[in-house]
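Let's take a walk through a protein together. Please have a look at the sequence and the 3D picture before reading on.

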Amino acid sequence: RRQKQTITTGWKTLHRHHHHHHHHHQPLLLHRHLPLPSLDSHVSSLMGAIQQEKTRMEEDRAKLDKEKKDFEEVAERSKCMTFPKSIVLDVGGKQFHTSLDTLLSAPQTYFGAMFGGRIPLTPQADGSYFIDRDGTHFRYILNYLRTHKLILPLKITSDPALMEEFKMEAEYYQVWQAIKEAYPHVFSKDDERSDDDEE
């Protein structure tokens with residue numbers, strides 16, 4: 001009798017369990033018997049995916065087209081952007097007269113970028129080009145571009161603070177690396193010394 005009861009309870013549980021999931025299984029059963037709607041929905045979801053991919057590709061294409069157009073505009077502008085042979089730089093209020101050839105003699109530097117047409121530039125009312133930096137050490141940097149030799153007075157080389165200032169300016173104009181390579185015996189010592197100071 002106990003055994004029969006278990007079976008009954010078991011059956012009831014089973015029945016209840018089956019009943020509970022009945023709704024979930026229904027669509028699946030339908031699909032098994034009728035493969036056509038299932039195929040249709042599969043095709044339409046595939047078409048949806050293809051459409052999405054197409055839209056994404058079109059968006060990418062539009063983005064590329066825009067980048068190309070922007071690039072061409074800059075190139076076009078730099079063709080129109082002809083600089084005079086002599087250039088006046090206004091560095092933090094100090095004026096320096098130099099030539100375009102000098103500034104472009106080192107194309108990898110700040111000046112190569114500035115006057116190579118990659119950056120749209122507008123001169124000031126007096127025709128000079130403003131650079132928002134301290135002009136104190138600028139003539140040494142300009143002379144380095146002219147001669148590819150660095151001549152620094154003793155008052156700078158013997159003063160760590162002034163030397164640090166000069167280094168900061170040279171780094172800003174992207175000539176420091178070249179200077180360091182040209183004068184390794186002078187500046188490698190200096191770098192090590194400043195590293196020790198920092199510790």
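We will begin with the whole chain and then turn to a few of its residues.

Keep in mind that this is a predicted model. The protein chain has 199 residues, and 25% of them count as buried. Its secondary structure consists of 9 helices and 3 strands. Starting from the N terminus, you can follow these elements in the order α-α-β-β-α-α-β-α-α-α-α-α. The chain exposes about 15100 Å², with carbon and sulfur atoms supplying 58% of that area. How much of the contact network links residues far apart in sequence? Among contacts with a separation of 6 or more, 57% join residues 24 or more positions apart.

Now let's go inside. The largest nonpolar core holds 32 residues, and those touching the most other members are Leu89, Phe111, Phe115, Phe166 and Ile179. Several elements each give two or more residues to this core, including β1 (86-91), α4 (110-115) and α7 (160-172). Which element gives the most? That is α5, with 6 residues.

So α5 deserves a visit of its own. Helix α5 covers residues 138-147, and tyrosine 140 lies in it. The buried residues of this helix are Phe138, Tyr140, Ile141, Leu142, Tyr144 and Leu145. A general point helps when you look at such a list: an α-helix has 3.6 residues a turn, so residues three or four places apart point the same way. Just after α5, histidine 148 takes a positive phi of about 60°.

Is tyrosine 140 buried or exposed? Tyrosine 140 counts as buried because its relative accessible area is 9%, under the 20% cut-off. Leaving aside neighbours within four places in sequence, tyrosine 140 is in contact with Leu150, Ile151, Leu152, Pro153, Ile156 and Phe166. One of these partners, isoleucine 151, is 11 residues away along the chain, and the two C-alpha atoms are separated by 6.8 Å.

Phe166 also turns up in the surroundings of isoleucine 179. With neighbours within four places again set aside, isoleucine 179 is in contact with Tyr144, Leu150, Phe166, Ala170 and Phe187. Tyr144 in that list is one of the buried residues of α5.

Our last stop is a loop. Threonine 109 lies in the loop between α3 and α4. Threonine 109 counts as buried because its relative accessibility is 4%. Beyond neighbours within four places in sequence, threonine 109 is in contact with Tyr173, Gln174 and Val175.

How values were computed
Residues are numbered from 1 along each chain as its sequence is written. This is a predicted model: local features need pLDDT of at least 70, side-chain atom pairs count only at pLDDT 80 or more; totals for chains, interfaces and linings use all residues. Side-chain values use heavy atoms; hydrogens and water are left out. Helices (H or I, at least four residues) and strands (E, at least two) are DSSP runs, numbered from the N terminus. Buried means under 20% relative accessible area, exposed over 50%, partly exposed in between (1.4 Å probe, protein chains only). Contact means heavy atoms within 4.5 Å. A nonpolar core is a set of buried Ala, Val, Leu, Ile, Met, Phe, Trp, Tyr and Cys residues joined through side-chain atoms within 4.5 Å. Accessible areas come from the Shrake-Rupley method with a 1.4 Å probe; for residues, only the protein chains shown count as cover.
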